[in-house]
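Reader: I'm in my first year and still learning how to read a model like this one. Please pick one spot where charged side chains meet, go through it slowly, and then tell me about the rest of the chain around it.

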Amino acid sequence: MTGLSASEREQWRASVAATVARCAAAGSWDALFDLGVADIGLEDLGVAIEECGAVPFATPLLGHMFGVRALRRAPAHRHRVALVLPEGFALEGGTADTFVTATGAAIPASGVTRRPLSTLDPTRVLWRVEWPEPVPELPERLRSELAALVAADSIGGARAVLRGAVEYARQRLQFGRPIGSFQAVKHRLADISSQLDGAVAAVGYALRRLDEDAEDASLAASVAKLAATDAYLAAAEGAIQTYGGIGFTWEHPAHIYLKRAHTNSQLGGNTERHLELVADRAGLGD
C-alpha cells in the first residue's frame, strides 16, 4: 500500500486509530502489525505512528519500525525487530525476538543479553543490549528516517494532549464561566495550536521528501524533528497548566505525555544535534 490519496489516507488513519484502541484494550498489538505497516511508504507510515503516539500506552510500533527500516524489508507480520542504536540501546527491546544494527546484521534475541533501563517515560522503555561487537553508526538516510518517525509520533501526542486540554477548558467552570473563555487560557491554547500546525506541515513535508529520496530530505527531517518535539513539549506543558491541580496527579495521563515529549526530544537525535545538522546544511556552520 503506497501513494494513498487524501481521502484514502483519512480512511487509513481511522482504521489505525480503531485498531490501536482495540489493541490497547486487549493488551495485545498483533492486530496492529497485521495492517501491513511495513509495506507502506513513510508518509502513510507516519499516519500510523501518529495514531500510536496519541495514546498514553506503551505501543511497540515506533521501536519495531526502527528495526524494519534498518533491515529494508517487511518482516512485521512474522516477528518483532528492534534496532540497536550506536549507544547500545534498543527501543522496544523487551518485545523483540530479533535485534539488528544499521548495517542489517541480525541476531536472535536468544543470542544477546538485554536488560531494561530506568527511563523518564515508563511507557517507552529503552533496553541495554550487549552486542558482540562495536555497534556501527547510523547512516544519514536511516538517521533521517528515524528522526522523521519520532517527529510523527510527537505530532500524534501533541494533538491528543492539546485536544484533551481544549475539551477540559470548554467544560471546566470557574466564576460561572468556562475557563476557556478567559484570555490567558484561550491565548495559550491558541498559540500552541498555531505552533502545532506549523510542525504538522514540517513533518508531512519531511516524510514526502524521504519517500521521494529528495536532495533536501535529511534537512527536512531535522527541521521536522525540531518543530514537532518543540510543539509536543509546548502542548504537554500547556495542557498541565490548563488542567491545574488535576494535571499534576499520577492518575491523569497528562504527565505521561509530558514525559514522552521529553523522551522524544532525545530519541532520534537530540535538539543540539539537529540544530547543528540544519546549520551545516544551510551553510551556517563554522
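Author: Let's start with a term you'll need: a residue counts as buried when its relative accessible area is under 20%, as exposed when that value is over 50%, and as partly exposed in between. Keep in mind, too, that this is a predicted model.

Now for the spot itself. The side chains of Asp213 and Arg141 form a salt bridge, with 3.3 Å from N to O. Where do the two partners sit? Asp213 is in the loop between helix 6 (183-211) and helix 7 (217-243), while Arg141 belongs to helix 5, so their salt bridge ties together parts of the chain that are 72 residues apart in sequence. Try the cut-offs on them. Arg141 has 25% relative accessibility, so it lands in the partly exposed class. Asp213 comes out at 58%, so it counts as exposed.

Asp213 has something else to show you. Its phi is positive, about 55°, although Asp213 is not a glycine. That's worth a pause, because most residues other than glycine have a negative phi. You can find another case in Phe175, a residue other than glycine whose phi is near 55°. Phe175 is in a loop as well, between strand 7 (173-174) and strand 8 (177-178). With a relative accessible area of 74%, Phe175 is exposed.

Stay with the charges for a moment. The structure holds 17 salt bridges, and one of them joins Asp216 to Arg209 at 2.8 Å from N to O. Here Asp216 is partly exposed, at 23%, and Arg209 is partly exposed too, at 24%.

Asp30 and Arg80 give you a further pair, with their side chains meeting at 2.9 Å, N to O. This salt bridge also links distant parts of the chain: Asp30 is in helix 2 (residues 30-33), and Arg80 is in the loop between helix 4 (61-71) and strand 1 (81-83), 50 residues apart. Which class does each partner fall into? Asp30 has a relative accessible area of 45%, so it is partly exposed. Arg80 is at 17%, so it is buried. And salt bridges don't have to come as lone pairs: Glu10, Arg13, Glu50, Glu51 and Arg159 are linked in a network of them.

Two members of that network, Glu50 and Glu51, are among the buried residues of helix 3. In fact, 12 of the 12 residues of helix 3 are buried. You can check its length as well: at 1.5 Å a residue, the 12 residues of helix 3 (residues 42-53) should span 16 Å, and the end C-alpha atoms are 16 Å apart, so the two values agree.

Helix 3 also leads us to the nonpolar side of the story. Ala48, Ile49 and Cys52 are among the contacts of Leu61, as are Leu32, Phe33 and Val37, once you leave aside neighbours within four places in sequence. Leu61 and Leu83 have the most contacts inside the largest nonpolar core, which has 75 residues. What gives the most to this core? That's helix 5 (residues 140-171), with 14 residues. A second, separate core has 11 residues, including Ala90, Ala109, Val112 and Val135.

Back to helix 7 for one more meeting of parts. Val278 lies in helix 9 (residues 271-281). Leaving out residues up to four places away in sequence, Val278 touches Leu219, Ser222, Val223 and Leu226. The C-alpha atoms of Val278 and Leu226 are 9.7 Å apart, though the two residues are separated by 52 residues along the chain.

Finally, zoom out. The chain has nine helices and eight strands. Its radius of gyration is 19 Å, close to the 19 Å that the globule rule gives for 286 residues, so the chain is as compact as a globular protein of that length. Along its principal axes, the C-alpha trace spans about 65 × 50 × 40 Å. Of the 286 residues, 52% count as buried. About 13100 Å² of the chain is exposed, and carbon and sulfur atoms supply 53% of that area. Distant links show up in the totals too: among contacts between residues at least 6 apart in sequence, 66% join residues at least 24 apart.

Methods: Residues are numbered from 1 along each chain as its sequence is written. This is a predicted model: local features need pLDDT of at least 70, side-chain atom pairs count only at pLDDT 80 or more; totals for chains, interfaces and linings use all residues. Side-chain values use heavy atoms; hydrogens and water are left out. A nonpolar core is a set of buried Ala, Val, Leu, Ile, Met, Phe, Trp, Tyr and Cys residues joined through side-chain atoms within 4.5 Å. Buried means under 20% relative accessible area, exposed over 50%, partly exposed in between (1.4 Å probe, protein chains only). Helices (H or I, at least four residues) and strands (E, at least two) are DSSP runs, numbered from the N terminus. Contact means heavy atoms within 4.5 Å. A salt bridge is a side-chain nitrogen of Lys or Arg within 4 Å of a carboxyl oxygen of Asp or Glu. The radius of gyration is taken over C-alpha atoms; the globule rule is 2.2 Å times the number of residues to the power 0.38. Accessible areas come from the Shrake-Rupley method with a 1.4 Å probe; for residues, only the protein chains shown count as cover. The expected span of a helix is 1.5 Å times one less than its number of residues.
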